[in-house]
Amino acid sequence: MRPSGRAFDVMRSITIETGFARHAEGSALIRVGGTEVLCTASIEQRVPPFLKGKGTGWVTAEYGMLPRATHTRGNREAAKGKQSGRTQEIQRLIGRSLRAVTDLAALGEMSITLDCDVLNADGGTRCASITGAWVALRLALGKLQAQRVLKTIPLTGQVAAVSCGLTEAGAVLDLDYVEDSSAAADTNFVLTADGGIVEIQGTAEEKPFSEEQFFQLLALAKQGTQVLFAAQNAAIEAAEAA
């Protein structure tokens with residue numbers, strides 16, 4: 001039995017609250033078990049210098065954790081004067097994941113920044129960030145369409161992410177902090193609703209895991225992301241009906 005009492009293939013509870021940040025063009029507060037991440041989308045009518053004049057847009061992300069998002073206080077990275085390697089790696093992952101399902105040419109010369117701020121961390125913060133950021137991005141693009149800035153919503157798909165791991169209970173879906181901190185192997189899967197793979201991150205802690213075990217984890221990830229895609233769609237439908 002897992003520490004949380006969940007079966008091996010059961011996700012934690014998931015809620016996505018839209019419109020949480022009233023000034024952002026799109027926002028989503030995603031809760032996955034004890035992990036809570038506020039994702040906001042901000043639109044700017046300009047692009048980075050390397051894209052200027054090329055007629056294409058840009059989607060990027062920034063990620064951070066509040067000092068008491070974890071069990072002990074962490075120092076603000078702004079106070080240190082630099083971001084940690086972990087922070088940089090995660091925000092690049094979020095940006096890549098969102099660009100993978102965005103038609104940047106159809107977006108035109110504007111930029112959308114997704115800010116993902118972890119309010120409470122209990123494992124899977126990068127996965128929750130990607131899943132919530134897609135909702136914030138979709139809402140922001142929907143607003144541009146409603147304002148007739150865009151004719152269509154320039155998304156080519158839907159993306160979400162989930163963690164899986166090898167623990168004493170075997171292959172399990174959606175690791176919380178207790179499981180993640182003691183897992184023999186942990187993986188993060190970034191998948192699209194049409195079955196595509198954007199990115200897979202996997203690490204063995206003590207000994208290598210087998211190809212068979214990898215495919216067990218992938219199967220669990222596919223199952224888990226289906227739950228996340230449904231939660232994303234329900235959040236969008238509720239926001240647009242309001």
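Let's start in the middle of things: strands β2 and β3 (residues 35–44) run antiparallel and are joined by 7 bridges. Keep in mind that this is a predicted model. Within that pairing, V32 has T35 in β3 as its bridge partner. As a general reminder, strands in a sheet pair through backbone hydrogen bonds, in either a parallel or an antiparallel way.

Zoom out a little and β2 and β3 turn up in an open sheet of 5 strands, ordered β1-β2-β3-β5-β4, with mixed pairing. At the edges sit β1 (14–18) and β4 (58–65), each of which pairs on one side only. Ignoring direction, neighbouring strands in this sheet are turned by 20° against each other on average.

Now for the helices. Helix α4 lies across β1, β2, β3, β4 and β5, and runs at about 35° to β3. Helix α2 (residues 85–99) lies across β4 and β5 (111–120), at about 145° to β4.

So where is there empty space inside? The structure has 1 cavity of 30 Å³ or more, and the largest cavity holds about 80 Å³ of space. Its lining is made up of 13 residues, and V32, C127, A128, A161 and D174 are the ones nearest the centre. Two or more lining residues come from each of β2 (26–32), α4 (125–146) and β6 (159–167). Sorted by class, the lining has 8 nonpolar, 3 polar and 2 charged residues.

V32 is a handy residue to click on, then: V32 is the bridge partner of T35 in β3, and V32 is also among the lining residues nearest the centre of the largest cavity.

Definitions and conventions
Residues are numbered from 1 along each chain as its sequence is written. This is a predicted model: local features need pLDDT of at least 70, side-chain atom pairs count only at pLDDT 80 or more; totals for chains, interfaces and linings use all residues. Side-chain values use heavy atoms; hydrogens and water are left out. On a 1 Å grid over the protein atoms alone, a cavity is a set of points where a 1.4 Å probe fits but cannot get out, and a pocket is an open set with protein on both sides within 12 Å along at least five of seven lines; lining residues have an atom within 4 Å of a point. Grid points are joined across faces, edges and corners, and a volume is the space filled by probe spheres set on the points. Helices (H or I, at least four residues) and strands (E, at least two) are DSSP runs, numbered from the N terminus. Ala, Val, Leu, Ile, Met, Phe, Trp, Tyr, Cys and Pro count as nonpolar, Asp, Glu, Lys and Arg as charged, and the others, Gly among them, as polar. Two strands pair if DSSP finds at least two bridges between them. Axes are lines fitted to C-alpha atoms, for helices over the stretch in contact, and angles run from 0 to 180 degrees between N-to-C directions. Contact means heavy atoms within 4.5 Å.
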